Structure formats: C-alpha cells, structure tokens
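Trainee: Could you walk me through the ring contacts and one helix packing in this model? I'd like to see the reasoning behind each call.

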Amino acid sequence: MKLSDKIATYNSSRPFYTFEFFPPRTDQGFENLIPRISRLSTLNPLAISVTWGAGGSTRERSIDLAGLTQSDYGIDTVLHLTCTNMVPGMVDDALRAAKARGIQNILALRGDPSRGTELWTPVDSQFTCGIDLVKYIRSSPEFSSHFCIGVAAYPEGHPDRETDEDSSLNVLKEKVDAGADFIVTQLFYDADPFLEWVDKVRAKGITVPIIPGVMPIQTYSSFLRLIKLCGVKVPPSVMAALEPICHDDQLVKDYGVGLAVDIIRKITSTGTIKGIHFCTLNLEKSVQLVIEKLHSLTPPDLVIDPTTATNTATNALTFKQTLDPDPGRGELNNAATWDDFPNGRFGDYKSPAFGAQDQWGGSGLCQYEGLSEWGHPKSTDDLTSLVLRYLHSEVSSSPFSSLPLSPESLTILPYLEQLTKRGWWTVCSQPAVDGASSTDEIFGWGPRGGYVYQKGFVEFFVEEQDLANIEKKIEEEGQGWVHYFAGNLQGECRSNVPDDGRNAVTWGMFPGQEITQTTIIERESFLTWKDEAFSIWAEWASFYPPGSEERELLNSVRKERWLVSIVHHDYKRPDALWTFLLDGEFPL
C-alpha cells in the first residue's frame with residue numbers, strides 16, 4: 001500500500017512510526033536482521049524503509065531486503081533510491097525490480113558520492129539530484145501511478161552544501177511540486193528549531209506529510225561520530241547531560257531513550273507532526289523502549305479505525321510464523337540485545353548492525369576536512385608524519401578515524417609511535433585489559449557494576465616484505481599466543497587462524513547478565529573491513545587532481561601494501577603484544 005494513503009487514513013491519537021534499516025554487510029547479518037524486523041513489526045509500524053548505500057554500493061542487497069520484507073513478509077516497504085553510480089537504464093531496472101516485488105514506495109535521494117570519486121558527479125546526466133528522480137518517475141507511464149514518492153529534507157542544512165535556509169526551502173518546494181508525496185527529515189536533537197523549520201516549510205505552501213528522523217543515542221562514542229558525520233547540531237544541555245555519564249554505556253543508552261521520548265512528545269504535541277521515522281541502525285532495543293514509553297504516556301485509542309485494525313491483523317498474521325529459533329541468538333546472548341553495545345572497529349559480523357554508518361549510508365570522508373587536516377602527502381615519509389601527527393593529537397582526525405585518538409589508545413601511545421616510525425601505519429589498536437570496572441573512565445563500557453576485558457590488538461599497513469618477517473616471527477616465537485590476518489587489494493588473505501576460528505578480543509561480565517562479547521575478529525569481519533579500508537585509500541586519493549603526486553602516492557599504497565591485524569591472547573600481560581612485536585629473539 002502507498003505510504004501516503006496509509007498516512008491519509010491514519011486516525012490515532014498516537015503518532016505512527018516507520019523504521020529504517022540498512023542492508024547488513026555480511027550474509028550472517030542479513031539473515032539475523034529478518035527476525036529483528038519481525039520483532040519490531042509487532043509494534044505496528046506504518047512502514048519500514050531500506051537504505052541504498054553510498055554510491056549505490058548496496059543496491060542488490062537493498063532490493064533483496066526490501067523485496068523480502070514486502071513480498072515475503074507483507075510489511076509495506078519504502079526503498080531508498082539514489083542517483084549515484086546509476087548508469088543509463090539502471091534507474092528503470094531498480095524501479096522495475098521494486099514494482100515486481102510489490103513495493104509501492106520510493107525515497108528519492110541524490111545520494112552520497114561513491115568511494116574513489118571527486119565531488120558528487122552524476123554517472124547518468126539525466127539524474128543529477130533527487131528532484132530528477134521525482135520528475136522521472138512522475139513522467140513515466142510505467143511508474144507514475146504505481147509509486148508513492150518521498151524526498152529528504154535537512155532542517156539544519158545539508159552537510160555538503162553551504163546554502164541559506166530560504167534556498168533550501170525553495171529546493172524542497174520544487175521536489176514537492178515535481179510530485180513528491182511525503183518528506184523524511186535528517187535526524188536532529190533539538191525540537192524547537194525543528195518546529196520553527198516546520199512552520200517555514202508550511203509557509204512555503206508545502207502541505208505533504210513531514211516525517212521527522214529520530215535516532216536514539218546508542219553509545220557516547222558512536223553519537224560523537226554520528227553528529228560529526230551528519231553535521232547535526234547538539235544543544236549544550238544534551239552534551240552537559242552526557243558528559244558525566246559518558247563512561248557508562250547503559251546510562252547513555254537510557255538517556256538516549258529518554259531524550260528521544262521528550263523530542264517526540266514535543267514535536268507531536270502541536271498536531272502538525274503525525275508520525276516519526278526511526279533510524280534504527282539495525283538495533284532494536286532502544287527503539288522498542290522509546291515506543292513503549294510513549295505508549296505508557298499516551299492512553300490507547302478506544303475506537304479502532306479500519307486502517308489500524310487492518311495493519312494490526314496483517315502484522316499478526318504475517319509474522320507469527322517467522323519466529324523460529326533465532327539464528328542471531330548465539331550460544332549466550334538474547335536475540336534482542338546480544339549486540340546492544342557495539343564496541344571497537346569490528347563488532348560481531350553476525351550482527352545486523354555490523355558496519356553501521358550514518359542515516360543515509362554515507363561514507364564519512366569529507367574532502368574539505370581531508371585537505372585542511374591531512375595536507376598534501378607526496379611520499380611515504382609524509383604519510384608516516386601524518387600518522388604521527390594524528391597520534392600526537394596535532395590533527396583531530398585521520399582518513400581511518402573521524403575522531404581524535406581515544407584515551408585508551410593513548411595508554412599504548414609509545415608502542416604505536418614505534419610501529420609508525422617503522423613505516424607501519426597504525427589504524428586501529430587496543431591495550432590488554434584484565435577486569436577493569438565497566439565504569440572506568442578509560443576502559444569502561446556497558447552497564448555499571450560489571451567488569452570488562454580486552455586482548456591487545458593492533459592493525460597497520462605494511463609492505464609485503466615486512467609482512468613476511470612478521471609471519472616468520474609469529475611462527476617461530478608466537479607459541480600459539482599470537483594470531484593474525486593479512487589482506488591486500490588484490491583479494492589475497494593470509495592468516496594462522498583456523499577457517500572457523502573466532503577471536504573474542506573484547507568482552508564484559510555484568511550483574512544478572514550472560515557474558516557479552518562486543519569485539520570479535522575473525523575472517524569474515526576482517527575481510528569486510530579490509531575491503532572498506534582499501535576503498536578509503538581510493539576515496540582519499542580522489543581528493544587530489546588526476547596525475548598529481550598525492551594521488552599517485554595514495555593509489556600506489558593502496559595497490560602495494562597489506563592490511564595486517566594482530567591479536568595477542570594473553571590479556572593478563574599489558575605489554576605482551578608490544579614486547580612480542582618490538583623485542584624478542586628476532587626483533588622485527
């Protein structure tokens with residue numbers, strides 16, 4: 001059913017909800033997302049939406065997931081569709097695939113640049129922005145009457161553009177005049193400016209439904225990454241509330257739920273906003289808690305209208321049969337919360353939330369920031385210098401991290417310096433930790449009253465000869481304590497980890513809970529991250545003109561270096577990994 005029709009007939013005192021999911025990056029995550037969607041569907045969302053990754057990178061998985069939820073599970077689905085990397089004919093192919101699967105709702109977006117491109121550049125000149133997609137669908141006899149079309153809006157301004165608010169509103173008006181049926185907004189954390197923006201939208205004569213994007217805060221570190229990536233403004237009161245509890249993940253999550261409830265209550269109290277678009281990041285517990293709290297504050301409707309009755313009955317009939325034993329539960333963890341505290345680069349590759357990025361599937365690199373922070377490297381010595389500057393907090397970000405070096409990495413700074421000075425450019429690391437308090441200001445995570453543990457690990461880019469030396473040392477001196485993965489752009493992977501081996505490198509024990517494993521390094525997650533890591537080199541290279549020394553250098557590094565990840569399993573010895581790498585009978 002078209003979302004515009006469902007909104008028009010929605011007649012409840014409670015706001016309606018839509019849930020946004022992204023296609024998981026691994027097959028196991030994809031499989032585990034389906035039961036997660038089925039559980040959230042019991043909250044009776046009006047629809048769900050499926051994102052289309054940066055540069056169209058997930059188009060096949062996006063169509064597969066949207067088709068599965070729409071055709072096989074019967075929940076109305078909004079498929080995101082972007083202009084990026086859409087060669088002539090590909091838009092038609094995507095629309096036909098959606099139509100064949102019964103999908104009637106499209107969110108038309110310009111989309112973020114694909115990795116390895118300059119600025120945003122259309123592949124098909126027919127589609128340069130979201131409005132072109134709207135006009136095309138509305139002008140096509142094949143698609144015009146079939147699809148309901150949504151468009152994006154940015155109440156605080158588009159992060160990639162420096163345009164004044166009135167110009168942005170005029171662009172939004174053009175999208176609606178071209179045939180858009182509803183608006184989904186970028187996330188925000190301040191209700192008052194949003195409501196003022198809504199008044200300005202209505203003053204422009206835009207009358208279609210506005211569905212605000214809301215994303216409950218999950219962890220403090222992920223929140224900081226997100227607001228930087230999306231350019232979201234945060235009220236001082238929110239930061240003031242978060243800072244005292246930033247080392248207690250459970251309190252941060254609880255605060256995030258409460259904040260989302262307060263924002264939703266305020267923006268829906270005026271009667272202008274009828275529904276909320278939840279950006280789930282493929283996690284479920286916080287969204288579930290927000291809706292439960294909102295329902296506890298709002299009395300249920302005593303009169304059931306036909307639309308509500310139909311939606312409830314459809315969801316009940318459709319999903320009661322899908323709750324087989326959950327493949328995402330694992331041996332120890334509850335299906336709804338087993339990946340509730342993502343921690344570290346890897347997480348668990350079985351998690352639907354593995355590799356989450358921003359609301360619209362963005363990549364996270366900004367050309368302006370890159371040029372101003374990372375300069376113009378023209379030699380490997382320049383790259384070594386840049387990594388050292390990042391380690392010394394002389395620059396606030398690197399191509400591989402949008403935030404400054406973490407406090408826990410600062411505790412192993414001398415070791416990271418030694419590796420980097422060898423030309424082994426470190427990109428991720430953690431120290432060994434043996435039972436630190438879960439509220440420890442440096443190492444803590446998860447709910448209070450627990451204890452957390454870490455194995456030391458480090459990742460870096462090296463030349464092939466250095467990799468050979470590392471492999472020899474591990475074989476001769478590792479004694480089973482040291483495991484590694486190494487991969488290159490050409491798809492080669494070398495390791496001493498068994499094919500089905502899994503290295504839990506971060507875990508925690510908390511009162512009344514089973515052991516939680518938040519960072520797991522195994523072949524699948526390493527290969528997924530490896531592909532992303534080498535694509536970052538390509539995207540960084542694209543910031544510089546073709547033929548420039550900078551681009552030639554970065555492309556050669558991408559083609560010639562190996563990404564290496566090393567874990568030392570003796571977490572009781574803080575220096576075990578570092579003495580192995582830097583000392584021993586055969587120093588590297």
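**Rings, charges and a helix pair**

Trainee: How many aromatic pairs does the count come to?

Mentor: Keep in mind that this is a predicted model. Two rings pair if their centres lie within 6.5 Å. By that rule, the number of aromatic pairs comes to 22.

Trainee: Take Trp374 and Trp540: what kind of pair do their rings make?

Mentor: Their ring centres are 5.8 Å apart, and the planes sit at 80°. Planes over 60 degrees apart get their own label. So the Trp374 and Trp540 pair is edge-to-face.

Trainee: And how many residues apart are Trp374 and Trp540?

Mentor: Trp374 belongs to helix H13 (residues 367-374), and Trp540 to helix H18 (residues 523-541). The pair thus links distant parts of the chain, with a separation of 166 residues.

Trainee: Is Trp540 buried or exposed?

Mentor: The cut-off for buried is under 20% relative accessible area. Its partner Trp374 has 3% relative accessibility and counts as buried. Trp540 has a relative accessible area of 2%, so its label is buried.

Trainee: What about Trp445 and Phe510, what type of pair are they?

Mentor: The centres of these two rings are 5.4 Å apart, with the planes at 75°. Trp445 is in the loop between strands S11 (433-437) and S12 (451-454), while Phe510 is in the loop between strands S16 (502-509) and S17 (516-522), 65 residues apart. Trp445 is buried at 2% relative accessibility, and Phe510 is buried at 5%. Given that plane angle, the pair is edge-to-face.

Trainee: Which residues form one aromatic cluster with Trp374 and Trp540?

Mentor: The pair from before turns up together here, as Trp374 and Trp540 both belong to the cluster. The other members are Phe400, Trp425, Phe461, Phe534, Trp537 and Phe543.

Trainee: Which charged residue sits over the ring of Trp562?

Mentor: There are a couple of charge-over-ring cases to look at. The charged end of Lys473 sits over the ring of Phe580, 5.3 Å from the centre. Over the ring of Trp562, at 4.7 Å from its centre, sits the charged end of Arg494.

Trainee: Last one: how are H14 and H16 oriented to each other?

Mentor: The axes of H14 (residues 380-391) and H16 (residues 413-421) come within 10 Å and cross at roughly 170°. The contact residues divide into 5 nonpolar, 2 polar and 2 charged, with Thr384 and Leu388 among those on H14, and Leu416 and Glu417 among those on H16. Angles over 145 degrees settle the label. H14 and H16 are therefore roughly antiparallel.

Note on methods
Residues numbered from 1 in each chain as written. Predicted model: local features only at pLDDT ≥ 70, side-chain atom pairs only at ≥ 80, totals over all residues. Heavy atoms only, no water. Axes fitted to C-alpha atoms, helices over the stretch in contact; angles between N-to-C directions. Helix = DSSP H or I, 4+ residues; strand = E, 2+ residues; numbered from the N terminus. Parallel < 35°, antiparallel > 145°, perpendicular 65-115°, else oblique. Contact = heavy atoms within 4.5 Å. Nonpolar A, V, L, I, M, F, W, Y, C, P; charged D, E, K, R; others polar. Phe/Tyr/Trp six-rings, centres within 6.5 Å; stacked < 30°, edge-to-face > 60°. Buried < 20%, exposed > 50% of the residue type's maximum accessible area, 1.4 Å probe, protein only. Lys NZ or Arg CZ within 6 Å of the ring centre and 35° of its normal.
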